[in-house]
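Colleague: I have just opened this model and would like some help reading it. Could you take me through it feature by feature?

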Amino acid sequence: MKMRTLGCMTLVLLTMLFTFPAASTLAAESPIVLGCPLSTAFLYGWDAERGFILAVEEINAAGGVNVGGKKRPFKVETIDTRDLEPGVPVSEALLAVEKLILDKKADFILGGPVRSEAALAAMPLLSKHKKVSILTTGSLSPKYHAMVAENYDKFKYCFRIHGEAKNLVGEMMANFSSLKEKYGFNNLFIIAQDVSHARGAAEIIKDVAGKNGWNVTGLEIFPTGATDFSMALLKAKDTKTEIINIWMDMPESAILLKQWYDMKVPALPFGSTLAAAEQPGFWKATDGKGEYTLCNVVNAGNAPSDATEWTMKFYDAYTKRWNVEPEGLGASSSYMAAYVLKDAIERAGTIDSDAVVAALEKTDLMGVYGRIRFDPKSHQVIPANDPKEGAVGSILQWQAGKRVVVFPKSIAKGEILLPPWMKK
Amino acid sequence: MDILIYGTINSVALALYALGFALVYGISRLPNFAHGALYVTSGFIAWSARNTFGLNYPLSILAAMVITALIGAAIYRFFLIRIRGMEISEIIASYAVALAILEGLRWKGFKGMTYTLPAFIPGSTSIAGISVDYQRLVVVGVGVVLVTLLWLFTHYTRIGLALRGMAQDERAALMLGIDSDVMAIVAMALGSMLAALAAVLLLPLGNIVVESGYNVLILAIAVCIVGGLGSWMGAVLAAFIIGFAQILTVVYLGSHFQMVIALLAIILTLILKPSGLFGQQKELEERV
């Protein structure tokens, strides 16, 4: 009897001995470090971080990343770049990126820097360290992917997985044309923040709108931190403007929208990167004064829609994990970046930068906001209005306390409404 | 007309930003670089009192003003008192306190654009065909009343006279039995309360964000330097000069030059008349 008990115990011990290492393989394998330089005190920073964490938790729970037959977990290392804060020099963001690479031993850089100026300045640094980077939030400057296309060998490590300013301009213009057709609108006023992507986009839209027969009644560029927009709004009113196109990610844009409402300016506030209006809490924060405000959350998934089968799954998972709906530009794209990187690493079978670059260029994945593919020359995600064709954007309008997707038509949940003081 | 209306509103807003800073410096020669942080803090206190603790709006405002005044007094009692008279140290210490407060708020999760206070009176009206919301009219009204009350306080009340005595000649005031530390604490509390008043008046126009603490400090300093450090009446006049200059700049030059005005005003004042419009500091040096 004693011998049998001893035999059983030995068997159990041996089983444990052989099975335990197998079960803990994931923990034993060194993690793949995702360095995330983000301006974490701002919407475009913290929602991106939440997107990464959610994706990484899901990926790790499902076994991690298969790197040449070995399962390795992802690990997120975030550093606050503060690059969205007024007065913080670009060099601070570069130091953050360098710290992620040298101190935190980041294998990949995902997320930012968030401000275009900082993202552009970080490109040579990424090349120097041969670090594959996927921009997922904030930086909309077309110059980013233009630089990759112009000097591929140097900047081939840089990718961007969300829409860029030219894209956004195209989406804006498509909506302006619809409004022109439907309501006979013809006067456009542009208000932009004095930062690279907003200035650039405002100039582009001024040019494009002029060529498309719009009467551009004004272009006002406000410094970051400006707190009074009355004169610009009065100009818009005096010039019988029908659409105010806003390019601002600063918190003070809420003042602009409240002033618009209080002054009953008879023009539709049509924002692009209008961070204040992107957040689900905007309605409560403005006591409903933000109704009818439109803004572009750049990628589907940042507002509720049925772009793909994955869209609402992500939307619900994010809401469950963070007790808030996906909040704006950066949430769905950051989430997707982790999955896209996982897919590329698994296809490459290694985390070697050049191999991963080659794999990323061949990415073809149906994601949260449509088919994800990168232009092989510029490494910009390929946009589309149909999620089956490419990455789709999302323009939403605040209607009765809800964020209603109104563009593109393929995923729209409603139509653009006009405020009562605009109806003739 | 629009320039006149919105120029006045902008000027009164600048005056409200600056009055607390000017008062503290005018009375106790303390450059309170925590002024902007106190402004933001009071906004979050009012928000928390209303949304977290469920107080009604007037009580939330009162709580914000009282607590901010106490914080201001504590900053002097526990930090600045030890370095009193060493202006550079006072600047560094008060700015360090400001950073600690602002970063502390951010660390505690006060970030984002969804923290707001409601307007005292919702809605808007039309003045000479120009739309103006009631909250901005409240700002102007309270600003005018505040300046009047401050003048009465410093000219007709015992504490006000003691504060002026301190401002004019600290040694003589000490000889007359006025405790300079007590007066400095009173000045800090009053200045902080003024920052809180500015916050509860102006924050309903937009939202409460940590970063505005730095902007408010810069604007307050610009107004005080142009008006003359130590002169709160000078600060009011400077607020009108800078306020109208900003609005005129937006109209005739371009909105992106708006923020430059305040900084340009500091540079020009320091080059042409370092004592400012009504300042007494350095005036003797300038004459020499």
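Modeller: Gladly, and we can begin with helix α3 (residues 43-61) of chain A, which lies across β1, β4 and β5 of chain A and runs at about 165° to β4(A). This is a predicted model, in which local features need pLDDT of at least 70 and side-chain atom pairs count only at pLDDT 80 or more, while totals for chains, interfaces and linings use all residues. Residues are numbered from 1 along each chain as its sequence is written, and chains are lettered from A and ligands numbered from 1 in the order in which they are written.

Colleague: What do names such as α3 stand for, and how is an angle defined?

Modeller: Helices (H or I, at least four residues) and strands (E, at least two) are DSSP runs, numbered from the N terminus. Axes are lines fitted to C-alpha atoms, for helices over the stretch in contact, and angles run from 0 to 180 degrees between N-to-C directions. With that in hand, look at helix α4 (residues 90-102) of chain A: it also lies across β1, β4 and β5 of chain A, at about 170° to β1(A).

Colleague: In what order do the strands of the open sheet in chain A come?

Modeller: Pairing comes before order: two strands pair if DSSP finds at least two bridges between them. In chain A, the five strands of an open sheet follow the order β4-β1-β5-β6-β7, with parallel pairing. The edges are β4 (74-80) and β7 (158-160) of chain A; each has a single partner strand, so one side of each is left without a neighbour in the sheet. From one strand to the next, the twist averages 25°.

Colleague: Over how many bridges do β1 and β5 of chain A pair?

Modeller: Strand β1 (residues 32-38) of chain A and strand β5 (residues 108-111) of chain A pair over two bridges, in the parallel sense. There, A:G35 stands opposite A:I109 in β5(A). As a general idea, side chains in a regular strand alternate between the two faces of the sheet.

Colleague: Where is there an antiparallel pair?

Modeller: In chain B, strand β1 (residues 124-127) pairs with β2(B) in the antiparallel sense over four bridges. B:T125 has B:V132 as its bridge partner in β2(B). The hairpin of these strands has two residues between them, and B:A128 takes a positive phi near 50°.

Colleague: How should I read a positive phi, or a cis bond?

Modeller: Most residues other than glycine have a negative phi, and most peptide bonds are trans. In chain A, A:D287 has a positive phi near 50°, and A:D287 lies in the loop between α13 (282-285) and β12 (294-296). A cis peptide bond joins A:G112 and A:P113, with omega about 5°; A:P113 sits in the loop between β5 and α5 of chain A. Another cis bond runs from A:F407 to A:P408, with omega near -5°, and A:P408 is in the segment after β16 (402-407) of chain A.

Colleague: How do I describe two packed helices?

Modeller: Two packed helices are described by the angle between their axes and the distance between the axes. Helix α1 (residues 2-28) and helix α9 (residues 212-227) of chain B have axes that come within 8 Å and cross at roughly 65°. α1(B) and α9(B) are therefore roughly perpendicular (angles under 35 degrees count as roughly parallel, over 145 as roughly antiparallel, 65 to 115 as roughly perpendicular and the rest as oblique). Among the residues that meet are B:L14 and B:F21 in α1(B), and B:V216 and B:L219 in α9(B). Two residues are in contact if their C-beta atoms, placed from the backbone, lie within 7 Å.

Colleague: At what angle do α2 and α3 of chain B pack?

Modeller: Helix α2 (residues 35-51) and helix α3 (residues 57-78) of chain B pack at about 140°, with their axes 8 Å apart. α2(B) and α3(B) are therefore oblique to each other.

Colleague: How many residues does each chain give to the contact between chains A and B?

Modeller: Chain B gives 28 residues and chain A gives 34. On the chain B side, α1, β2 (130-133), α9, α10 (232-252) and α11 (258-272) each supply at least two residues.

Colleague: Which domains are assigned in chain A?

Modeller: Domain 1 covers 29-163 + 306-372 and domain 2 covers 166-297 + 394-422; such bounds come from an automatic or database domain assignment. Taken over C-alpha atoms, the centres of domain 1 and domain 2 of chain A are 28 Å apart.
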